[in-house]
Amino acid sequence: MKYIISRLLTEGDMNAFNWIKQHYTRDEIIETAKTSRRFNPLTANFLKYYYNLKEEEMIYYINIKNMNYVYY
């Protein structure tokens, strides 16, 4: 379930998002948003604002902040 939701959110469009909302509960979608590492920045940001989540709750943002990138 989590894999299907995260893949459709990342690769799909708004039609895919509406399909997810029809077939999964709000809690299942939010749980996936909090625990998935497979998102791209656009998807993670969309879910954060759509479901009013905090970055501290989402594994995606926690992992990004823990990476040590060197910027030039």
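**Exercise 1. Contacts along the chain.** State what share of the protein's contacts with a separation of 6 or more comes from residues 24 or more positions apart.

*Solution.* Begin with the term itself: a contact means heavy atoms within 4.5 Å. Among the contacts in the protein with a separation of 6 or more, 44% are accounted for by residues 24 or more positions apart. Keep in mind that this is a predicted model, in which local features need pLDDT of at least 70 and side-chain atom pairs count only at pLDDT 80 or more, while totals for chains, interfaces and linings use all residues. Residues are numbered from 1 along each chain as its sequence is written, and side-chain values use heavy atoms, with hydrogens and water left out.

**Exercise 2. The overall fold.** Describe which elements the protein has and in what order they run.

*Solution.* Helices (H or I, at least four residues) and strands (E, at least two) are DSSP runs, numbered from the N terminus. By this rule the protein has five helices and zero strands, and from the N terminus on the order reads α-α-α-α-α. The C-alpha trace spans about 45 × 20 × 20 Å along its principal axes.

**Exercise 3. Two neighbours in a loop.** Decide for Tyr 51 and for Asn 52 whether each is buried or exposed.

*Solution.* First locate them: Tyr 51 lies in the loop between helix H4 (41-50) and helix H5 (59-66), and Asn 52 also has its place in the loop between H4 and H5. Next recall the cut-offs, by which buried means under 20% relative accessible area, exposed over 50%, and partly exposed in between (1.4 Å probe, protein chains only). Tyr 51 counts as buried because its relative accessibility is 6%, whereas Asn 52, with a relative accessible area of 69%, is exposed. Asn 52 also has a phi near 55°, which is a positive value in a residue other than glycine.

Then look at the partners of Tyr 51, which, not counting residues up to four places away in sequence, touches Phe 17, Lys 21, Arg 26, Ile 29 and Ile 30. From C-alpha to C-alpha, Tyr 51 and Ile 30 are 7.2 Å apart in space, although 21 residues separate them in sequence.

**Exercise 4. A residue within a helix.** Find the place of Thr 32 and list the residues with which Thr 32 is in contact, leaving aside its neighbours within four places in sequence.

*Solution.* Thr 32 belongs to helix H3 (residues 26-35). With 2% relative accessibility, Thr 32 counts as buried. Its contacts, once neighbours within four places in sequence are left aside, are Lys 2, Ile 5, Ser 6 and Phe 39. For the whole protein, 32% of the 72 residues count as buried.
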